[in-house]
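The following note collects points for a colleague reviewing this model. The points concern local packing, strand pairing and surface character.

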Amino acid sequence: MTRLARLLSALLLAASFVVGGGVAPALAQDVTQPSYSEWELRARADEVKLDLGTASVTELERIRERMVNWRSQFLDAQATNEARISTVRAQIDALGAAPAEGEEEPEDIASRRSTLNAQLADLRAPGLRAEEAYTRADGIIREIDTIIRDRQASELLELGPSPLNPVNWPAAVTGLVGSAIATWGEVKANVTSPSYQMEARRNLPLILLLLAIGGMLIVRGKTWATMGVDRLRGNTRRGTGVFRFLVSLGEILLPYAGIYALIEAISATGFSGTRWEFLLNQLPIWAALLLGTRWLANQTFHEIGDRSTVQLNDRARWEGRRLANALAWLYVVRAVVEAQGNLDDYSSATTAVVEFPLLVLSALALFRLCRVISKESNGEVPEGEDRSVFRARLMRLLGRAGMVVAVVGVLMASVGYQRFGETSIYPFVATLGLAAFVMVLQRFIFDLNDLISDRFGTEGDGLIPVLAAFILSAAALPFLALIWGARTADLSEVWTRFREGFVFGDTRVSPTDFLVVIIVFVIGYMLTRLLQGALKSSVLPKTKIDKGGQTAITSGIGYVGIFLAAIIAITSGGLDLSSLAIVAGALSVGIGFGLQTIVSNFVSGIILLVERPISEGDWIEVNGTHGIVKDISVRSTRIETFDMFDMIVPNADLISGTVSNYTRGNMLGRIVIPVGVAYGCDTRKVQHLLLTIVRRHEDVLMNPEPGVDFIGFGADSLDFQIRAVLYDVTMGLDVRTEIRHQITETFKKEGIEIPFSQRDVWLRNPDALSPKPAKPLPEAKADKPTKDTPLPDAEDKPKRVPGGGLDLPEGRGDGEASGDGGIDK
């Protein structure tokens, strides 16, 4: 039962940390000085006990607890006169640097410096003494921890009597029989006692009521809870998993209430003596262990599909649930035997013989359970579920390790290393239970996230449930350490070291300082955002500043506010900003080489916010791409193109490149529409018609007045050009479309032709295109020409004619154009 006691101690320790682990003041004031005379006597006495080496583990734990208290006092005393020390140091710094060796300093300044240094030494004396005592107390604590660990290690590897030795069996049987006789004799004596019988008759109604309630809850409690879970199992609505989990807790609470009623009924009879009282006091813990294990086995192996904690097939789930319950019963029986051994003071040989069968059965159940969860043929991992795959791999790894532990533990215990076998098999069983419990709670967190969020069926997709599951896994580590033999003092020591922090030079930085920094920065950040929101929604819209200027002011206040919040937070945490100058100098070198692009974009973003060549809502063109500016940050600018996708442009490109801003300052803009008419049209009439059309459009400005120019004689048309200034240049495409529709309608009505491209084709050798009969082929059938084959006559060869064409001989034209066709474009 020491393992369970350690777990309960860890829970109490965690609660004390939450309640008492508040944030220390940022500026420590003068504190009460410890009694150093008492400390000196106590430290010497404890050091003598440690040197003798005769103190028991219990006494060592008491000494350690006392030393931890002293060490805490000395740690607080180190902050004595801290504020005044800072003031005196500032005064010394104000006098300037001390003169170098051989140089003289004005007498009044030298006298004042000497006085301040003496005063500083007096102020630092209590802190230095506390620091020395702190170091001594910490050394004693470390020495005690080392002694206890060495004793635990030697006890773990101590060779005791072998349980397989028949010489030890009679004493073990005698011890068990003696315990049973003593327990039964105590009950028999109490039952036959007239006084106890009278008390039992007086409490008979209460006893019968408690027996009835307890029996009903023990027999039917689990069934009622299981019926409620089964009704919810087929429901797929959001939040069903949470309700199912809560209802399933009735499998523990209802039978446990029945057992508690049964214990009260037995106590009310008065027949239980000293031995039974001891066992009855332990019974609630054993009952909680049994019921909790059964519930955990159901949650781990009973659910199927996406509700299964461990993905196994039906037979493997049934066997895993049965073996887990068997391990729980074996653990409780061992606890009962251990309690009887403590009452009757069993010898080491008797303890080894009595507990060995239970150890063997536990190892066998552990081996079979680990074989079930590690066998790949038993797994049913859905494809694509990374979390289920990770769980399956973890359980298989634990299963393989558990099989090895079960075999090695039994072998070592059979030889005589009983302690080694117990501290390997039973802790591994508890480790499997802890792993299953963490997985079940993680599943509950995912179900709870589905209940409170708007997304259903996205188990584990959100950041919050994943972080919560990670924190839950981290919180299980202290319990895992306790299971494998760590002491509560070890965990408290880790927490103490964490709270003390780290020492940098003369400054101690603790986690509470970091907490102060985070809190102050968050407050400053929230105030900055509130100020930005007030300016953006209430103040700036009532001014004459354009939208781009309002955005620049809001962004500038945000950057300045965040910078000030960081500075104030760092100084509030007690960090010296002057020490950051060296770090800043080192970072400047890295910035110059590796971060120059980022710095360039950052500076360009500041320039954009200050000069405001572009603002949010502007229509700009960058590298041939048009779009609307949506956001300007310190590194890049986001532009939404007319194709409705975002383009991220580094600010350095906007500063160093060419950017066209179509809406900077105002929305006015000019459009140009080219128009072509056929040759032969009345050009003055065309100009008049075009000018009339453009003047009538409602979006065209009359000042400056639109114009129509006759710009030239084209290859296919007489070219005109319409120029007009619009109220809103963003309507340019619609205006162009409407004006072109009106031009088409007006020209059709007035009989003015809009030409299209034309080409006249002239053939230089039209005779070459007329068909002529082909000459008969030669009778020679050879595929390749030989030296006897006559060459074609020179007159049969194609001749080049003036103009670049080919003059084909008769019969070779086949109706096709010659050469390049003789086309004159």
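1. Two strands are taken as paired if DSSP finds at least two bridges between them. The model under review is predicted. Under this criterion, strand β3 (residues 619-622) pairs with strand β4 (residues 625-632) in the antiparallel sense, over four bridges. Valine 622 has threonine 625 in β4 as its bridge partner. The hairpin of β3 and β4 has two residues between the strands, and asparagine 623 takes a positive phi near 55° in this hairpin.

2. Strand β4 has a further pairing. With strand β5 (residues 636-641), β4 forms five bridges, again in the antiparallel sense. The connection from β4 to β5 is a hairpin of three residues. Within this pairing, isoleucine 639 in β5 is the bridge partner of valine 629.

3. Another sheet deserves separate comment. It is open, has three strands in the order β8-β10-β9, and its pairing is antiparallel. The edges are held by β8 (669-677) and β9 (707-713); each has a single partner strand, so one side of each is left without a neighbour in the sheet. On average, neighbouring strands of this sheet are turned by 25° against each other, direction ignored.

4. The pairing of β9 can be described in further detail. Strand β9 runs antiparallel to strand β10 (residues 718-726), and six bridges join the two. Phenylalanine 713 stands opposite leucine 718 in β10. As general background, side chains in a regular strand alternate between the two faces of the sheet.

5. Which strands does helix α23 lie across? Helix α23 (residues 683-696) lies across β8, β9 and β10, and runs at about 20° to β10. Helix α24 (residues 732-750) also packs on the sheet, where it touches β8 and β10; the direction of α24 makes about 25° with that of β8.

6. Is arginine 71 buried or exposed? Arginine 71, a residue of helix α3 (residues 57-77), has a relative accessible area of 2% and is therefore buried, as this value is under 20%. Leaving out residues up to four places away in sequence, arginine 71 touches Tyr134, Ala137, Asp138 and Ile141, and also Glu493, Thr496, Arg497 and Glu500. The contacts of arginine 71 thus include the acidic residues Asp138, Glu493 and Glu500.

7. Alanine 328 belongs to helix α12 (residues 314-344). With a relative accessible area of 6%, alanine 328 is buried. Apart from neighbours within four places in sequence, alanine 328 is in contact with Leu290 and Thr293. The C-alpha atoms of alanine 328 and alanine 430 are 9.8 Å apart in space, while the two residues are 102 residues apart in sequence.

8. The surface carries a nonpolar patch formed by Leu204, Leu208, Leu211, Ile218, Val219, Leu262 and Ile266, which together have about 560 Å² of accessible area. Two elements give two or more residues to the nonpolar patch, namely α8 (204-233) and α10 (250-269). Helix α8 supplies the largest share, five residues. Leucine 211, found in helix α8, is partly exposed, with a relative accessible area of 36%. This value is over the 30% that patch membership requires.

Note on methods
Residues numbered from 1 in each chain as written. Predicted model: local features only at pLDDT ≥ 70, side-chain atom pairs only at ≥ 80, totals over all residues. Heavy atoms only, no water. Patch = residues over 30% accessible without salt bridge, like charges linked within 9 Å, V, L, I, M, F, W, Y side chains within 5 Å. Areas by Shrake-Rupley, 256 points an atom, 1.4 Å probe, with all protein chains shown as cover. Salt bridge = Lys/Arg side-chain N within 4 Å of Asp/Glu carboxyl O. Buried < 20%, exposed > 50% of the residue type's maximum accessible area, 1.4 Å probe, protein only. Contact = heavy atoms within 4.5 Å. Axes fitted to C-alpha atoms, helices over the stretch in contact; angles between N-to-C directions.
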